[in-house]
4 protein chains.
Amino acid sequence: MLSGALGLGLLSQAVTPVLAAPTVQVFDINITEPQVLTAQNGWCKALLQISSDYASGGITKAKATAAHVIDQAYAFQFGPVAFKPTLTTGKQTFRTTRAGALAYFVGNDSSFPLDTGFALTPWRTCKVVNQVIQLNGALAITMGNVILSDATGNLTSVDKTWGFMKEPDGSVRIILHHSSLPFKP
Amino acid sequence: MLSGALGLGLLSQAVTPVLAAPTVQVFDINITEPQVLTAQNGWCKALLQISSDYASGGITKAKATAAHVIDQAYAFQFGPVAFKPTLTTGKQTFRTTRAGALAYFVGNDSSFPLDTGFALTPWRTCKVVNQVIQLNGALAITMGNVILSDATGNLTSVDKTWGFMKEPDGSVRIILHHSSLPFKP
Amino acid sequence: MLSGALGLGLLSQAVTPVLAAPTVQVFDINITEPQVLTAQNGWCKALLQISSDYASGGITKAKATAAHVIDQAYAFQFGPVAFKPTLTTGKQTFRTTRAGALAYFVGNDSSFPLDTGFALTPWRTCKVVNQVIQLNGALAITMGNVILSDATGNLTSVDKTWGFMKEPDGSVRIILHHSSLPFKP
Amino acid sequence: MLSGALGLGLLSQAVTPVLAAPTVQVFDINITEPQVLTAQNGWCKALLQISSDYASGGITKAKATAAHVIDQAYAFQFGPVAFKPTLTTGKQTFRTTRAGALAYFVGNDSSFPLDTGFALTPWRTCKVVNQVIQLNGALAITMGNVILSDATGNLTSVDKTWGFMKEPDGSVRIILHHSSLPFKP
């Protein structure tokens with residue numbers, strides 16, 4: 001037991017430790033389920049806002065709102081967003097840039113001639129129904145449906161995947177958005 | 001409002017959505033604070049077990065226990081662990097391999113001649129006092145003190161940093177361990 | 001400069017440091033772009049294998065291969081996979097369980113009556129065309145197209161999002177898979 | 001092969017896919033080894049700058065520089081930093097706040113009476129020798145030595161663990177810093 005005794009001797013120099021206050025401080029970089037739900041609801045609210053602003057102020061107002069929404073809700077300032085909107089096709093299926101996203105939401109961009117402005121529809125309600133939520137550090141993935149109703153009461157359900165990134169300051173932005181109409185057999 | 005109307009027409013094909021059951025399934029890859037505390041307490045228990053096994057069964061028993069502990073508690077099977085034990089110095093300060101860790105805990109390895117076997121001391125109690133816990137996805141970092149008492153009642157406090165990694169199957173292993181005696185002015 | 005001098009005095013006890021060998025060991029938990037591409041190609045190969053095994057050995061052989069593929073390529077053993085296959089609809093749109101994924105690939109499961117067995121088609125080629133790859137630690141997200149050809153030479157392109165998780169032992173598994181037919185205006 | 005044929009029929013509606021440009025865009029959130037080395041060297045340069053500014057401009061200049069360094073190099077604005085400086089002890093061992101870090105580097109704070117100002121020493125050189133670098137997404141952990149020389153040529157080596165966090169905009173900040181004098185047998 002020589003070695004153990006030696007170890008003890010060395011350590012025993014430190015007696016009666018004076019410790020700092022034992023309050024544990026937690027620095028949590030992870031995104032939480034409530035933060036994910038808030039971000040999803042924020043997307044719905046933003047869509048309805050653009051739609052409402054289009055009705056009250058026309059394309060100019062709608063475009064300004066959409067630009068603000070995109071800057072706040074999507075991470076285009078940090079890198080290419082993986083964005084496949086519901087109604088895009090062909091060479092313009094994927095919208096990895098801010099301009100492509102803006103064109104999708106409010107149209108009126110000659111570079112994206114097929115875009116009619118998804119958010120210009122008179123949407124009235126927007127509801128998220130999640131099937132899976134995956135929490136991976138500051139990144140969350142969700143899959144489920146988004147159900148929209150318009151001014152005539154029509155219901156539309158889309159299959160929706162989102163990826164959300166939380167930044168160190170708590171901001172949450174979309175880095176992934178894959179939306180598709182339900183498969184029709 | 002032509003574009004909005006067009007968008008509506010396309011989407012309105014899908015009415016009265018039939019959704020899957022709305023129970024959200026969560027796949028949480030993150031490590032939690034309770035999992036961190038369990039891993040820390042597990043380290044303390046393991047240290048006392050090695051010490052106890054040394055008393056009851058000598059170095060053979062202690063070494064077998066230590067080897068098992070290291071395989072379960074440290075991530076050497078996946079990569080170099082950042083391990084700076086309390087009582088190492090010079091060229092053998094850092095123990096980034098399984099052999100180096102084992103030598104530190106139970107000594108008796110001619111490749112590490114200065115090692116006396118930290119876990120062979122007759123430790124009686126081991127307590128963790130956290131100051132900071134940082135949760136980063138599957139990785140957690142903790143900083144604080146570990147306070148040990150030995151058979152003579154001597155108290156030793158060390159400054160301790162740990163990094164814990166949670167694997168997808170829920171196992172938690174140490175990837176970082178920096179321990180140091182308190183600075184003496 | 002009293003304080004600085006004092007600091008110097010304390011530190012100057014340590015002279016001529018004897019350091020460990022300066023070879024840096026790197027423990028890289030992150031998934032890389034080549035690992036992502038390998039996983040994608042592996043998915044294509046697996047699909048063609050199931051299809052080929054169905055032609056040569058019928059549903060029994062195809063089902064055995066598909067079960068093996070799912071266990072190797074999807075992370076169902078760790079949590080709910082976010083899986084929206086191309087051809088699913090209604091209450092069975094999302095396949096968050098192993099059974100649901102197996103039914104999608106090879107059909108013949110009375111619990112999933114609409115499933116015809118996506119992998120039973122005589123697929124001949126499978127190619128991945130990526131638009132965006134996002135690397136987030138051990139998690140990667142990809143978005144783009146998968147282009148399939150069948151025995152008659154027909155080409156099918158689907159819009160595809162994948163999420164891949166790398167485990168500490170280097171295994172890469174799918175945790176997210178959203179596939180959809182191109183939007184038809 | 002009924003089911004396979006059915007699947008084929010559904011998919012064969014999509015022929016001759018028109019794809020977006022096949023240039024892959026990569027959004028890499030991970031921290032890299034070069035970014036880690038840059039951050040480490042930045043810490044050394046900052047230490048020498050504070051020391052130099054103290055010599056040329058006294059405590060006022062040194063304190064201003066140190067405050068700027070701390071805001072740029074440490075993540076106190078986002079949460080508690082796990083900081084155990086080399087020369088702290090007792091209740092003030094851990095410096096999880098900006099004020100505590102500033103006091104350690106430049107002293108002259110009555111709330112931290114034992115602090116003499118580590119950075120006020122006339123440091124001349126600062127070199128990092130890494131033993132282990134661990135890359136975990138946006139988080140990196142390093143362990144090794146930092147070797148300092150002062151105006152009299154004395155060499156000091158400390159055992160050093162750092163944790164660096166990369167933010168989405170590319171900024172790299174310290175979230176973990178455990179420094180200790182070498183163990184003296």
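**Chat on chain copies and Asn108**

Modeller: In this predicted model, a turn of 180° with a shift of 0.0 Å along the axis lays chain C on chain A, at an RMSD of 0.0 Å.

Colleague: What relation is that?

Modeller: The relation of a two-fold axis.

Colleague: Which C-alpha of chain C is nearest the axis?

Modeller: The one of Ser180(C), which lies 3.1 Å from the axis.

Colleague: And why do you say the copies meet through the same surface?

Modeller: Because 100% of the interface residues of chain C are interface residues in chain A as well.

Colleague: Changing topic to the backbone. What is phi of Asn108(B)?

Modeller: Near 60°, so a positive value, and the residue is not a glycine. As background, most residues other than glycine have a negative phi.

Colleague: Where is Asn108(B)?

Modeller: In chain B, Asn108(B) sits in the loop that runs between helix H3 (98–106) and strand S3 (123–136).

Colleague: Is Asn108(B) buried or exposed?

Modeller: Exposed: the relative accessible area of Asn108(B) is 52%, and the cut-off for exposed is over 50%.

Colleague: What about phi of Asn108(D)?

Modeller: Phi of Asn108(D) is positive too, near 60°.

Colleague: Which loop holds Asn108(D)?

Modeller: The loop of chain D between helix H3 (98–106) and strand S3 (123–136).

Colleague: Buried or exposed, for Asn108(D)?

Modeller: Asn108(D) is exposed, at a relative accessible area of 51%.

Definitions and conventions
Residues are numbered from 1 along each chain as its sequence is written. Chains are lettered from A and ligands numbered from 1 in the order in which they are written. This is a predicted model: local features need pLDDT of at least 70, side-chain atom pairs count only at pLDDT 80 or more; totals for chains, interfaces and linings use all residues. Side-chain values use heavy atoms; hydrogens and water are left out. Helices (H or I, at least four residues) and strands (E, at least two) are DSSP runs, numbered from the N terminus. Buried means under 20% relative accessible area, exposed over 50%, partly exposed in between (1.4 Å probe, protein chains only). Copies are superposed by least squares on the C-alpha atoms of residues with pLDDT of at least 70 in both. Contact means heavy atoms within 4.5 Å.
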